[in-house]
Amino acid sequence: MTRRAIIAVLVGSLVGVAAYATIVPFDFTGHWTGTAQQEGQPANPLMADFTSTGPKTFTGTVTVDEACTAIGKTKRHMKVALRVECSNGSIVKIHGRIDPATQTMQGTFAGFRQRRLRHRGTFALSRQAGSSSATISFFSGATPAGHPAALRAVRPNTLPMDVVPKDGQWYLSPDQMILTVTSIQLQGGSMDPVAVNCPLTYDRSQPGLTKLSDCSFAATAGTYSGLNLGISSTYQVLINDSVNGFYSTSSGIVTSSPAGGAQYLTVITNSFSGIASQFPAPIDVSSSAPPKLSVVVNGLQFFRVQVSSGAVSLGWPDVGDTDPRRPDMTVSVDALANVAFYSNQGINSAGAICTGGACAPPPLQGVIAAYVFYSSTNVPTWIQLVLNGTPSGCPIGASGAFNGRGYLGLDTTNTLGWALPTDNSFSSYGTEFNMAQVTMLSGSTTLNCKQISTDPAPAGGNFSSGAPVISSPDYTAGFVLVAN
């Protein structure tokens, strides 16, 4: 072999080595478990959930005592570097090495607080088999864009100054909110909660089904019947309601427009720390078929305040409830095509409503609103009734229905039909409903309810084959489509 040939072989070999040393893509997506051991201390359980964001980068959470956000990247020779930031201000720098054959990562860590080194240690993580990358997309619910009430709300100069709301217990519709999803768990299988840090910013001025955020997590393979979402109990709300006279400031809710305009208020909800929803039918999850889930933030008429002589308190103190609450969320296995929010004609508003206490005139009782969610133009997937007391003549054991539980369907006459059970088990039915669908804002319709004693079991498993015929309803309520 000539000298030139030997050099060519050596150069080719070095190029191959350099290419391997430069980058060997590795998919970090999945659920990892292991231990972390600080110098001189016993080992502690360690958990991580990662999602690859590129050939060299990944993000996720690392959990020992709390879930902390992590940003990582790969280097030459399968080396890994992570920066972990926790809510208490501490920062952990991690250096390790990946073994693709065993799907393990191990190395060292150093913890810092206020830039001072606090501790060092070692760690080891193993990726759990059967986990894959999954994404939940979050969307805004129905919003009142184009409705007369919404148009008045954005032209406050046409309204009297400093409207003072009447005394009573109110539901408000915030203009904006910032919420944080803290954990995701698929129900009914072997999956543990996955810690995440996914902020959502809701804006009522945006059209319904505006995407708020995508939240990635590691899903364990299996069959699942529902979804659990952990939501931070602390969130921010902005209210600028000149129609009804409510404005948020950094210290509370006031009834006069503050100098400089409304500001975000940080609130804490003490109840409903999570959202639990059942799927219409179980779903199978695998690495080749990650779930496609949509979550809708229903931001209308949920925020509780009480007015007494012009002073506004969070929650309803007169009934022993000081919790302002948090918006409900609705889960869909498939992407949603549209949403609709119907308001009782006696209210006819997607904005603030007075529902109890010293409200004048007295508040409406019964079904005061209804949400409808569609997976396509002619396929409703969920209907949720909003109640203020029990509708007279229409006992309701559970207020929501969907295809499979409640037989929700839209028939060829564009009439919605569904049935509600005597309790949340849906083992027996007590009422059935029909309501003509409305597609134009400000259009009106009538909800009809009839008591039943047998399972209606419509053909095909839902009322798309024909909504219930209710000639003599036990309860009726007029509704107006005020948001979609």
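This briefing covers the nonpolar cores, one strand with its partners, and the disulfides of the structure. The model is predicted, so local features need pLDDT of at least 70 and side-chain atom pairs count only at pLDDT 80 or more, while totals for chains, interfaces and linings use all residues. Residues are numbered from 1 along each chain as its sequence is written, and side-chain values use heavy atoms, with hydrogens and water left out.

**Nonpolar cores**

- The largest nonpolar core, meaning a set of buried Ala, Val, Leu, Ile, Met, Phe, Trp, Tyr and Cys residues joined through side-chain atoms within 4.5 Å, has 63 residues, of which F138, L227, L229 and F246 touch the most other members.
- Buried here stands for under 20% relative accessible area, exposed for over 50%, and partly exposed for values in between, with a 1.4 Å probe and protein chains only.
- A second, separate core holds 25 residues, among them V367, Y374, A401 and F433.

**Strand β31 and its partners**

- Strands (E, at least two residues) are DSSP runs numbered from the N terminus, and in β31 (residues 415–421) seven of the seven residues are buried, so this strand is largely enclosed by the rest of the structure.
- From β31, the residues T415, G417, A419 and P421 point one way, whereas L416, W418 and L420 point the other way.
- Two strands pair if DSSP finds at least two bridges between them; β30 (residues 409–410) pairs with β31 in the antiparallel sense over two bridges, with L410 opposite L416.
- A hairpin is formed by β30 and β31 with four residues between them, and N414 in the turn has a positive phi of about 60 degrees.
- Strand β32 (residues 429–436) runs antiparallel to β31 and is joined to β31 by seven bridges, with Y429 of β32 standing opposite P421.

**Disulfides**

- The structure holds four disulfides, each being a pair of cysteine sulfur atoms within 2.5 Å, and the bonded cysteines, numbered in sequence order, pair as 1-2, 3-4, 5-6, 7-8.
- C68 and C86, both buried, form a disulfide with sulfur atoms 2.0 Å apart, and their link is right-handed, with 105 degrees about the S-S bond.
- C198 and C215 have sulfur atoms 1.9 Å apart; C198 lies in strand β12 (residues 194–203) and C215 in strand β13 (residues 211–220), so the pair ties together parts that are 17 residues apart in sequence.
- C394 and C449 are both buried and are joined at an S to S distance of 2.1 Å, and the torsion about their S-S bond is about 90 degrees, so this disulfide is right-handed.
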